[in-house]
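Here's a quick back-and-forth on why certain labels get attached to certain spots. Have a look first, then we'll go through the reasoning.

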Amino acid sequence: MKDLSESELAVLNEQVVSCERCARLREYCREIGEKKRRAYLGWEYWAKPVPSFGPAGARVLLLGLAPGAHGSNRTGRPFTGDGSGGFLYPLLYEAGFASQPAAVSREDGMRLVDVRITSVVRCAPPGNKPLLDELANCAPYLDAEVAAMRRLRVIVCLGRVAFDGFVAHLVRTGQITKRRELLFGHGVEYQLSDGRWLLGCYHPSLQNTNTGKLTAPMMLRVFTRARELAGLSD
């Protein structure tokens, strides 16, 4: 029998998938799904808002920016099927958060352990740049997700936009009154008033990984630290 968190988050995922709040994003996702990329002509693109992935009882939440046009928007699962995911999932596997290193589709058998993955915007945005009103439209989903994750201890934000989005969540939900000293940087960590931890990590975009701004050891150290802070260390 599902516990309350599982039920709440299952309903929330259904609400996300059926969301039509942002006309620009919905039109863009559908258009990408119709045109497709040559390498994926045989795919039926997901082309809908992307639901979160991972167990309701996770102690760690991994927060990204938005689905990739030919990654998550194609496969329907966060960081699955593109270069960012190709970098991310092997490290999640090495850190003990994932059952396997390769993520290619929703049917590949991947399971996450003690980590849940979501994003501040659930639809792929043109140029990977959501507008302010689109960020605002998606904000209630993040608020509801965090509230339902009752075992949550650590939030790892991938990139500045995700970090800023979580800080905005803290302000919006009355957990802090203003941003204060919560500044993004790779490897930063802040303990929040309720004892949870907020960590920053560069986003595993190809721009960051191909230039060496983010390396595998750098990201693995963040994941290892997240395990320690969440009480998951062996």
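**Pockets, a threonine and some cysteines**

In the second largest pocket, helix α1 (residues 4–17) gives the largest share of the lining, 4 residues. Keep in mind that this is a predicted model.

Q: Which residues lie nearest the centre of the second largest pocket, and how many line it?
A: There are 17 lining residues, and N13, S52, F53, G54 and R116 lie nearest the centre. The lining splits into 7 nonpolar, 5 polar and 5 charged residues, around a volume of about 270 Å³.

Q: What makes a residue count as part of a pocket's lining?
A: Having an atom within 4 Å of a pocket point. For the largest pocket, 43 residues line the space, with L65, S84, N128, H203 and S205 nearest its centre. Elements giving two or more residues to that lining are α4 (83–94), β2, α6 (160–172) and α7 (206–210). By type, the lining of the largest pocket holds 20 nonpolar, 17 polar and 6 charged residues, and the space comes to about 930 Å³.

Q: Why is T118 called buried?
A: The label needs a relative accessible area under 20%. T118 sits at 3%, so it counts as buried. Its place is in strand β2 (residues 115–119).

Q: What makes the pairing of the T118 and S52 side chains a polar contact?
A: The cut-off for the N or O atoms is 3.5 Å. The T118 and S52 side chains are joined at 2.8 Å, so the distance fits. The side chains of T118 and R122 have a polar contact too, at 3.2 Å, so that one also falls within the limit.

Q: Which residues is T118 in contact with, leaving aside neighbours within four places in sequence?
A: S52, L61, L62, L63, G64 and E145.

Q: How do you know that C123 is in no disulfide?
A: The structure holds 0 disulfides. For C123, the nearest cysteine sulfur is that of C29, 4.7 Å away. A disulfide needs the sulfur atoms within 2.5 Å, so C123 and C29 don't make one.

Q: Why is the sulfur of C201 not counted as bonded to the one in C157?
A: The sulfur in C157 is the closest cysteine sulfur, but it is 9.9 Å from that of C201, so the two are too far apart for a bond.

Q: Are C123 and C201 buried or exposed?
A: C123 has 8% relative accessibility, so against the 20% limit it counts as buried. C201 is at 0%, so C201 counts as buried as well.

Key. Residues are numbered from 1 along each chain as its sequence is written. This is a predicted model: local features need pLDDT of at least 70, side-chain atom pairs count only at pLDDT 80 or more; totals for chains, interfaces and linings use all residues. Side-chain values use heavy atoms; hydrogens and water are left out. Buried means under 20% relative accessible area, exposed over 50%, partly exposed in between (1.4 Å probe, protein chains only). A polar contact is a pair of N or O atoms within 3.5 Å; within protein, one must be able to donate a hydrogen and the other to accept it, and residues adjacent in sequence count only if both atoms are side-chain atoms. Contact means heavy atoms within 4.5 Å. On a 1 Å grid over the protein atoms alone, a cavity is a set of points where a 1.4 Å probe fits but cannot get out, and a pocket is an open set with protein on both sides within 12 Å along at least five of seven lines; lining residues have an atom within 4 Å of a point. Grid points are joined across faces, edges and corners, and a volume is the space filled by probe spheres set on the points. Ala, Val, Leu, Ile, Met, Phe, Trp, Tyr, Cys and Pro count as nonpolar, Asp, Glu, Lys and Arg as charged, and the others, Gly among them, as polar.
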